[in-house]
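Colleague: I have one site on my list and would like a close look at it. Take it slowly, then work outward to whatever it connects with.

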Amino acid sequence: LGETITYKITVTNTGNLTAKNIQVTDSLSANEGQVIATIDSLAPGASQEIPFAYVVTEQDILNGKVVNEAAAKGETDDPDNKPEGGDEKEDETDDVDATLEVVKTSNKQEGQKAGLGETIEYTITVTNKGNVTFRNVKVDDELTGLHETIDELGVGASESFTTTYTVTEEDILKGHVRNEATAAANPIHNPKTGEDEIPKGSDEVTDETVAAEGALGVTKETTSTPKNGKTYGLGETITYKITVTNTGNLT
């Protein structure tokens, strides 16, 4: 894709009359069949070379080949004798490359652990590493509930998405949060194999969580007041409030 094919078109007068006003056309010119050169005259047996360059397109990759036809048509002093000729050259193109790259990162730095209730932000970048346009690219992140569609992703193009996830107690018990993102596009027909190529890719990122900690905090305070305002007497009731708090990260 994007490579330039250089052609040499050789026009030879194989007749026995001088050919004049020879119009040379090429099927791969900007406008198909457009005149790319004019040769004023060619004597019998004479030749002239004409260079022509063509850049391989995505459609050529999908066709599996580049077919180029050159033609020449001229005039002679005999109005009933109009020389013409043509030739065709076929070049094979690369196979369809349906490489779809998915790269996923989180905002946690290396060695940084996620705590209970903390929000992790993920970035998912989808890139077309192939040689044809991908269409209807579905991007999914089941853990965070992200589901996006890219209508069209050109060759070399990228698109990024951000999504978030809140760390749960189950993640703490596992010791990590593992998150995978996937992407897949519409099938593309490979003319070389006759099969369909499906652009798809995935990537995952694993973030460690803090250690599981079962901890209780207990506080006790007196909520009653002595009758005399200073000290409790015999038979007097003291009322306490005991507060138990889960200070860990597990139920």
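Colleague: Why does Lys192 count as partly exposed?

Modeller: First, a caveat: this is a predicted model. Now the answer. Lys192 has a relative accessible area of 30%. Buried would need a value under 20%, and exposed one over 50%. Lys192 falls in between, so partly exposed is the label.

Next, its partner. The side chain of Lys192 forms a salt bridge with that of Glu92, at 3.1 Å from N to O. The two sit in distant parts of the chain, 100 residues apart. Lys192 is in the loop between β13 (188–189) and β14 (196–197), while Glu92 is in strand β6. Glu92 gets another label than Lys192: its relative accessibility is 65%, so Glu92 counts as exposed. The contact does not stop at two residues. Asp95 joins Glu92 and Lys192 in a network of salt bridges.

Stay on β6 for a moment. Glu90 is also in this strand. The side chain of Glu90 meets that of Lys65 in a salt bridge of 3.9 Å, N to O. Lys65 belongs to strand β5, so this pair ties together parts 25 residues apart in sequence. Both ends are partly exposed. Lys65 has a relative accessible area of 37%, and Glu90 has 48%. The 48% is under the exposed cut-off of 50%, so Glu90 stays in the middle class.

Strands β5 and β6 lead to the pocket. The largest pocket has a volume of about 580 Å³. Its lining counts 32 residues, and those closest to the centre are Thr10, Val11, Thr12, Ala72 and Gly85. Four strands give two or more residues to this lining: β1 (4–12), β2 (19–26), β5 (65–75) and β6 (84–92). The largest share comes from β5, with seven residues.

β1 carries a salt bridge too. Lys8 meets Glu49 through their side chains, at 3.7 Å from N to O. Lys8 lies in β1 and Glu49 in β4 (residues 47–55), so the pair connects parts 41 residues apart in sequence. Both residues are exposed. For the whole structure, the search finds 13 salt bridges.

For contrast, look at a surface without charges. Leu216, Val218, Ile238, Tyr240, Ile242 and Val244 make a nonpolar surface patch of about 610 Å². Two elements give it two or more residues: β16 (216–222) and β17 (240–246). β17 gives the most, with three. Tyr240 is in β17. Its relative accessible area is 44%, so Tyr240 is partly exposed. Side chains in a regular strand alternate between the two faces of the sheet.

One last stop: a hairpin. Strands β9 (residues 134–141) and β10 (residues 146–153) run antiparallel, joined by seven bridges. One bridge pairs Val139 with Glu148 in β10. Four residues lie between the two strands, and Gly145 in the turn has a positive phi of about 80 degrees.

Back to your site. Lys192 is partly exposed at 30%. It shares a salt-bridge network with Glu92 and Asp95.

Terms used
Residues are numbered from 1 along each chain as its sequence is written. This is a predicted model: local features need pLDDT of at least 70, side-chain atom pairs count only at pLDDT 80 or more; totals for chains, interfaces and linings use all residues. Side-chain values use heavy atoms; hydrogens and water are left out. Two strands pair if DSSP finds at least two bridges between them. Patches are made of residues with over 30% relative accessible area and no salt bridge: like charges are joined within 9 Å, nonpolar side chains (Val, Leu, Ile, Met, Phe, Trp, Tyr) within 5 Å. Accessible areas come from the Shrake-Rupley method with a 1.4 Å probe; for residues, only the protein chains shown count as cover. A salt bridge is a side-chain nitrogen of Lys or Arg within 4 Å of a carboxyl oxygen of Asp or Glu. Buried means under 20% relative accessible area, exposed over 50%, partly exposed in between (1.4 Å probe, protein chains only). On a 1 Å grid over the protein atoms alone, a cavity is a set of points where a 1.4 Å probe fits but cannot get out, and a pocket is an open set with protein on both sides within 12 Å along at least five of seven lines; lining residues have an atom within 4 Å of a point. Grid points are joined across faces, edges and corners, and a volume is the space filled by probe spheres set on the points.
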